Amino acid sequence: MSRNKKFQINNLFKFFILIFFLANTLLLAQEQKTEFKITSNPNNINSWWLEKNNFGIHPTNFDFKSTWKLYKSNTTYSFDILIQENNSYLSESFIKYNLSNHTFLRLGRYYRDFSNYLNDNLSSGHMLISKNAKPMPKIGLVTKKKIKKFDKMIFDFGISHANFNKNNIYNKAPYLHEKFIYMNIKSDNYKISIGLVHEAIWAGSISDGEEQPNSFKDFLKVFIAEDGPFKEGQLHANALGNHLGIWDFYYQKNKNNKILKLYYQHFFEDTSGLRFRNEIDGLWGLELQNYISNTTLLFEYLHTTHQNMDPPYINDSYYNHAIYLEGWSYSNYTLGNPFINHLNVEPVNIIHVGIDGEFPAGYYYNAQFSNKTTINDYIKYKLIFGKKIYKSNTEIILINDSKDRINIGFSLSWFL
C-alpha cells in the first residue's frame, strides 16, 4: 500500500473516531453545538479567495472539518479540527473561563478579543489579526469596567501572550505581546467606540544572528515600547522588538431592525503613525444590515500608500521587519489583512465588497469581490450559494483565478 494511501486511510479513521467521540458527549453537555463539514475544493486551489481568510488552511482536494462547542455555567469549550489527506491539526480551539460577569481568561488557539464589530465572513481582513493565518497558541485575560458617574461609558481591557513557530528563520520561536484598551459609549440606539491595540514581536533567536533580549526586564521595555540598545549604523536606538498596532474607531446605529456600522482601523508601526503622520492609511469600512430585507452589505477601502512618505522620519514598511524576517506572519500566512505583503513593501489601495443574505425556503448566499486600484488588476471574487435542509447545509462554491476562469467546489455540512 502506498504511503499516501495510508495517510488517507489513517486520517479518515481519525475523522470517524472524532465523530463517535463528539456524538457521545451529547448526553453530558449542558448546551453544545457540533458541526461536521466535508469540502470538495476546486481543481485550481491557488485561487485567491480559496486560500485567503481561510484560517491558514492550504486547501486539498477534500477537507474534513469538525467543530464542537460546549457551554457550561462559567466555561466554554471550543474545538475545531481539520483533517486533510496528509495531515490533521487544530484550528481555533480554546477553553474560556469566566472569572466574573465582566472578566474571563482564554487559553488555546484563538484569534482576537478586540474589534468584535468586524464581520469576518465578509471583510477583506482585520489590519492586525484576521482569519487569514492559523490561530496562534495564546493565553489572554480580558475585562471591562463601568464608570459609575457615566452609566453609558464602559472601558474594555485585554492582555495576552502568544508564541510564534520555530522554523528555518527562527532558531528559537519569538513571542507575541498583545494588549488593548477601548472606551465605549452606549445607548439604546447607538454605540461609539475608540480603541488602541498594541502588538509586539519580541525575544526568540534568528538564524545566523544573535539571540534577542528575552528577560522580564526586556518584557517591561516591550510593554511600553521602550528603546532597545543602540546599534552601530543607526540614527537612533529603535524600540525593542517589532511593534505595530491600530487606532480603532467604530460607530453603530440601530433603527428598528436596521443596523449601520462605520469603522476605521488606522495602522501604525511607530510614533509617527501613532500620531497619524501616515495620514489615512488603514482599513475603512461601512456595513448595512437589513437595509435590504435579510441582507448584509459591506464596503471596505484599504489604503497603505503612505508608508515611506517622508524618510527617515516616516519610513515604515508595513508588516515587514529587518530582524524578524518573516514579518507579521504565522506559519507563512499574513496575520493581518492578506492584501498587505509581509515579506516585501508593496503599497496598495483595495476596494472590497461583501454581501450575504437569505431567500425563502432555506436558500442563502455569500459573495466577496476585491480589486486593487493601484495597478491593472482583475476582480477577485468568491461566491457561495447554499441550501438549508433540516440539520444540514449544501453549498456550491464559485471562485475565479488570475486568468478569470471560474473554479467550482462543493461542501456539505451537518449539525448535531
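Which residue in β23 is the bridge partner of K37? Keep that in mind while you get your bearings. What you have open is a predicted model.

**Stop 1: the whole chain**

Start with everything shown as a cartoon. You should find 4 helices and 23 strands. Of the 416 residues in the chain, 47% are buried. If you switch on a surface, the chain exposes about 21500 Å², with 57% of that supplied by carbon and sulfur atoms. Now think about contacts: among those with a separation of 6 or more, 54% are between residues 24 or more positions apart.

**Stop 2: where the two ends of the numbering meet**

Select residues 31–40, which is strand β1, and 406–415, which is strand β23. These two run antiparallel and are joined by 6 bridges. Here is the reply to the opening puzzle: K37 has S413 as its bridge partner in β23.

Keep β23 on screen and add residues 392–400, strand β22. This pair is antiparallel too, with 9 bridges. Pick out I399, and you can look across to its bridge partner in β23, N407. β22 and β23 make a hairpin with 5 residues between them. Click on D404 in the turn, where phi is positive, at about 60 degrees.

**Stop 3: two asparagines in loops**

Next, select N290. You'll land in the loop between β15 (282–289) and β16 (295–303). N290 is not a glycine, yet its phi is positive, about 65 degrees. Is N290 buried, partly exposed or exposed? With a relative accessible area of 24%, N290 is partly exposed.

Now jump to N332, in the loop between β17 (329–330) and β18 (333–334). N332 also isn't a glycine, and its phi is positive, near 75 degrees. N332 counts as exposed, at 61% relative accessibility.

**Stop 4: into the core**

Time to go inside. In soluble globular proteins, nonpolar side chains tend to be buried together. Here, the largest nonpolar core has 42 residues. Show M127, F164, F267, L302 and W328 as sticks, since these are the ones with the most contacts inside that core. Several elements each supply at least two of the core's residues, including α2 (48–51), β7 (136–147), β13 (242–255) and β16.

Zoom in on M127. Leaving out neighbours within four places in sequence, M127 is in contact with I246, Q265, F267, G282, L283, L302, Y319, G336, N337 and I340. There is also another core, of 5 residues, lying apart from the 42-residue one. Select A200, W202, A203 and L240 to see some of its members.

**Stop 5: a buried charge**

Step along to E199, in strand β11. What is the nearest side chain of opposite charge to E199? That would be K138, 6.0 Å away. A salt bridge needs the charged atoms within 4 Å, so this pair doesn't qualify. E199 is buried and has no salt bridge. Show what surrounds E199: setting aside residues up to four places away in sequence, its contacts include F114, L128, H177, E178, H243 and W328.

**Stop 6: a leucine in β3**

Finish with L82, in strand β3 (residues 75–83). L82 is buried, with a relative accessible area of 3%. Which residues does L82 touch, not counting those up to four places away in sequence? Select I57, D63, F64, K65, N87, S88 and Y89. For a last try with the distance tool, link the C-alpha atoms of L82 and I57: they are 25 residues apart along the chain and separated by 8.7 Å.

Conventions
Residues numbered from 1 in each chain as written. Predicted model: local features only at pLDDT ≥ 70, side-chain atom pairs only at ≥ 80, totals over all residues. Heavy atoms only, no water. Buried < 20%, exposed > 50% of the residue type's maximum accessible area, 1.4 Å probe, protein only. Contact = heavy atoms within 4.5 Å. Areas by Shrake-Rupley, 256 points an atom, 1.4 Å probe, with all protein chains shown as cover. Pairing = 2+ DSSP bridges. Core = buried A, V, L, I, M, F, W, Y, C linked by side-chain atoms within 4.5 Å. Lys, Arg positive; Asp, Glu negative; His and termini not counted.
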